[in-house]
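Please open the structure in a viewer and keep the sequence panel visible. The tour below proceeds by selection.

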Amino acid sequence: MGRNFKYCPLCGVPLIQSADGERIRNRCPDCDFVHYRNPLPAAGVLVRDAEERVLLVKRRYQPFRGMWVVPSGYVEEDEDIRVAAARELREETGIEADIGPLQAVESCFDDPRAVSVLILFEGRVKGGKLRAGDDAEEVGFFPLPELPEIAFSCQRRILGRLRGKSIPEP
Ligand SMILES: [Zn+2]
């Protein structure tokens, strides 16, 4: 789950394990750097058309290449969460949307790159032209009863709730 430092990223000294409350954390014995391991925020946009079909993209790259996801991705450090959501939607689908209310927040533990927290907003299309972006093989709208194979347990939970079926927690 995620990557670990062997050496202090600040001064290069080998890290040691040290108790911190209920956790064991890697700490630098020289400069007291502590490697806190936190999930990365990811932002996404749920776009639905007039027939309540959901906009999905087919992943071009691993992990879960060939499976489908709601347009989403990691938030840059200097980026507002809603700006990130709109950017990911634009990059992956060509669609410009106004970012609306929060749709869901879910922890995502099955991404081998990093544990993340997906923050998903409702989006209302205001322009753009539907086309698959760099990270996507295809884009399309799908009716909820006929979804393709969805990547990431957090996304399956969100879409399952929309479909009216509850998906068990991981
Ligand atoms: Zn250090």
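Four donors count as tetrahedral if all angles lie between 85 and 135 degrees. This criterion is needed at the first stop of the tour, in what is a predicted model.

**The zinc site.** Select the zinc ion together with Cys8, Cys11, Cys28 and Cys31, whose SG atoms are its protein donors and lie 2.3 Å from it. The angles subtended by the four donor atoms run from 101 to 123°, and the arrangement is therefore tetrahedral. Along the sequence, the donor residues follow the spacing C-x2-C-x16-C-x2-C. Next, display Cys8, in the segment before strand 1 (16-20), and Cys28, in the loop between strand 2 (23-27) and strand 3 (34-35); the pair thus ties together parts that are 20 residues apart in sequence. Cys8 is buried, at 4% relative accessible area, and Cys28 is buried as well, at 0%.

**The two domains.** Colour residues 1-37 as domain 1 and residues 40-163 as domain 2, following the domain assignment. Their centres, taken over C-alpha atoms, are 34 Å apart.

**The second largest pocket.** Move now to the second largest pocket, which holds about 390 Å³ of space. Its lining comprises 23 residues; select Arg59, Ser72, Gly73, Arg113 and Phe152 for those closest to the centre. Then highlight strand 5 (54-59), strand 7 (72-74), helix 1 (81-93), strand 9 (116-128) and helix 2 (153-163), the elements that each give two or more residues to this lining. Colouring the lining by class shows ten nonpolar, five polar and eight charged residues.

Key:
Residues numbered from 1 in each chain as written. Predicted model: local features only at pLDDT ≥ 70, side-chain atom pairs only at ≥ 80, totals over all residues. Heavy atoms only, no water. 1 Å grid on protein atoms, 1.4 Å probe; cavity = no way out; pocket = protein on both sides within 12 Å on 5 of 7 lines; lining within 4 Å. Points joined across faces, edges and corners; volume = space filled by probe spheres on them. Helix = DSSP H or I, 4+ residues; strand = E, 2+ residues; numbered from the N terminus. Nonpolar A, V, L, I, M, F, W, Y, C, P; charged D, E, K, R; others polar. Domains from an automatic or database assignment. Donors = N, O, S within 2.8 Å, 3.2 Å for Na, K, Ca; no water. Tetrahedral: all angles 85-135°; square planar, octahedral: opposite > 155°, others 65-115°. Buried < 20%, exposed > 50% of the residue type's maximum accessible area, 1.4 Å probe, protein only.
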